[in-house]
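Colleague: I should like to learn how to read a ligand site and the salt bridges of a chain. Could we work through an example together?

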Amino acid sequence: MKILVPVKRVVDYNVKVRVKADGSGVETQGVKMSMNPFDEIAVEEAVRLKEKGIATEIVAVSLGLANCAETIRTALAMGADRGILVETDVELQPLAVAKLLRAIVQKEQPGLVVMGKQAIDDDMNATGQMLAALLGWAQGTFASKVVIDGSKAVVTREVDGGLETVEIHLPAIVTTDLRLNEPRYASLPNIMKARKKPIETMKPADLGVDPAPRLTTVSVAEPPKRQAGVKLKSVAELVAKLKLEAKVI
Ligand code: AMP
């Protein structure tokens, strides 16, 4: 079974994001970029399925600027076999990403797509669901466990207040949650090997997709600054503050 893993290049999760002065978005110039953490979990899951002999090939796909190739290389160093870069400088929104991924799925015919539940830059949590809808495939979202059983996948989902287990027919879309696994670090020999693995580059037009944005960002603003904490001398003082200042009791 072939597994397709979409991997998004995002601002590294350790970076404190800064909003652009004109409020049009988040500053990415000169900022450390990395693979979206949920996508690392997706790559890890695909590699584990290959190690178990369930997957035969892992294809990592990234959509965006030319330097998304670096994100694909990271996936290749973790164990993916080859990459596809859909290069565009158009701002990609989930529907456009889902349409581009649908075209790649139709070309590659994977048995499973494993992708992040959400990208930590735009927090859309939409692309996997949109892709499943466009393809008419089953979906197991927010997965904390995936078991492939012949032509079916049993997916344990993290839902409010517990776990839900669903059985879905393959081919299907699985989106990863945080507890699915702990992604491996790529070893130096594997990073070297990854340099030789192939990456095919194409443009949205090659896939017959117009990626033009449908949503307009009205404004992006930083959250209000938190006030500094204070040390209180007594419980009485705390109760007074909770009553009179915070007005929570
Ligand atoms: P989102 O719906 O934007 O929160 O993203 C959910 C998932 O879709 C991500 O974790 C990725 O697996 C995939 N995805 C979104 N945008 C891209 C992109 N530009 N390139 C590759 N994968 C993407």
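Modeller: Let us begin with the ligand, bearing in mind that this is a predicted model. Of the 18 residues around the ligand, those that come nearest are Asp39, Leu63, Ala119, Asn125 and Thr127.

Colleague: What is the division of the shell residues into nonpolar, polar and charged?

Modeller: The shell around the ligand comprises nine nonpolar, six polar and three charged residues.

Colleague: Which strands each supply at least two residues of that shell?

Modeller: Strand E4 (57-64) and strand E6 (112-116) each do so. The largest share, three residues, comes from E4.

Colleague: How should I read the polar contacts, and which atoms of Asn36 and Thr127 lie by the ligand?

Modeller: A polar contact is a pair of N or O atoms within 3.5 Å. In the side chain of Asn36, an N or O atom is 3.0 Å from an oxygen atom of the ligand. For Thr127, a polar side-chain atom lies 2.7 Å from a ligand oxygen atom. Met124 contributes through its backbone, with an N or O atom 3.3 Å from an oxygen atom of the ligand.

Colleague: How much of the ligand's accessible area does the protein cover?

Modeller: On its own the ligand has 480 Å² of accessible area, and the protein covers 98% of that.

Colleague: Let us turn to the chain. How many helices and strands does the chain have?

Modeller: There are six helices and eleven strands in the chain. Its C-alpha trace spans about 65 × 40 × 40 Å along the principal axes. The chain has 249 residues, of which 43% count as buried. Its exposed area is about 14100 Å², with 53% supplied by carbon and sulfur atoms.

Colleague: What share of the contacts between residues at least 6 apart in sequence joins residues at least 24 apart?

Modeller: The share is 70%.

Colleague: How many salt bridges does the count give?

Modeller: The rule asks for a side-chain nitrogen of Lys or Arg within 4 Å of a carboxyl oxygen of Asp or Glu. By this rule there are 19 salt bridges. In one of them, the side chains of Arg9 and Glu70 meet at 3.1 Å, N to O. This pair links distant parts of the chain, with Arg9 in strand E2 (residues 9-11) and Glu70 in helix H2 (residues 68-78), 61 residues apart.

Colleague: Is Arg9 buried or exposed?

Modeller: Arg9 has a relative accessible area of 17%, so it counts as buried. The cut-off for buried is under 20%.

Colleague: Where in the chain do Asp81 and Lys50 lie?

Modeller: Asp81 forms a salt bridge with Lys50, and their closest N and O atoms are 2.7 Å apart. Asp81 is in the loop between H2 and strand E5 (82-87), whereas Lys50 is in helix H1 (residues 37-51), 31 residues apart. Asp81 is partly exposed at 22% relative accessible area, and Lys50 is also partly exposed, at 28%.

Colleague: How does one read the pair Lys117 and Asp177?

Modeller: Their side chains meet in a salt bridge of 3.2 Å, N to O. Lys117 lies in the loop between E6 and helix H4 (127-135), and Asp177 in the loop between strand E10 (172-176) and helix H5 (188-194), 60 residues apart. Lys117 is buried at 18% relative accessible area, and Asp177 counts as buried at 7%.

Colleague: Which residues are joined into one network by salt bridges that share partners?

Modeller: That network consists of Lys2, Glu57, Arg82 and Glu108.

Technical notes
Residues are numbered from 1 along each chain as its sequence is written. This is a predicted model: local features need pLDDT of at least 70, side-chain atom pairs count only at pLDDT 80 or more; totals for chains, interfaces and linings use all residues. Side-chain values use heavy atoms; hydrogens and water are left out. A residue is near a molecule or strand if one of its heavy atoms lies within 4 Å of it. A polar contact is a pair of N or O atoms within 3.5 Å; within protein, one must be able to donate a hydrogen and the other to accept it, and residues adjacent in sequence count only if both atoms are side-chain atoms. Accessible areas come from the Shrake-Rupley method with a 1.4 Å probe; for residues, only the protein chains shown count as cover. Helices (H or I, at least four residues) and strands (E, at least two) are DSSP runs, numbered from the N terminus. Ala, Val, Leu, Ile, Met, Phe, Trp, Tyr, Cys and Pro count as nonpolar, Asp, Glu, Lys and Arg as charged, and the others, Gly among them, as polar. Buried means under 20% relative accessible area, exposed over 50%, partly exposed in between (1.4 Å probe, protein chains only). Contact means heavy atoms within 4.5 Å.
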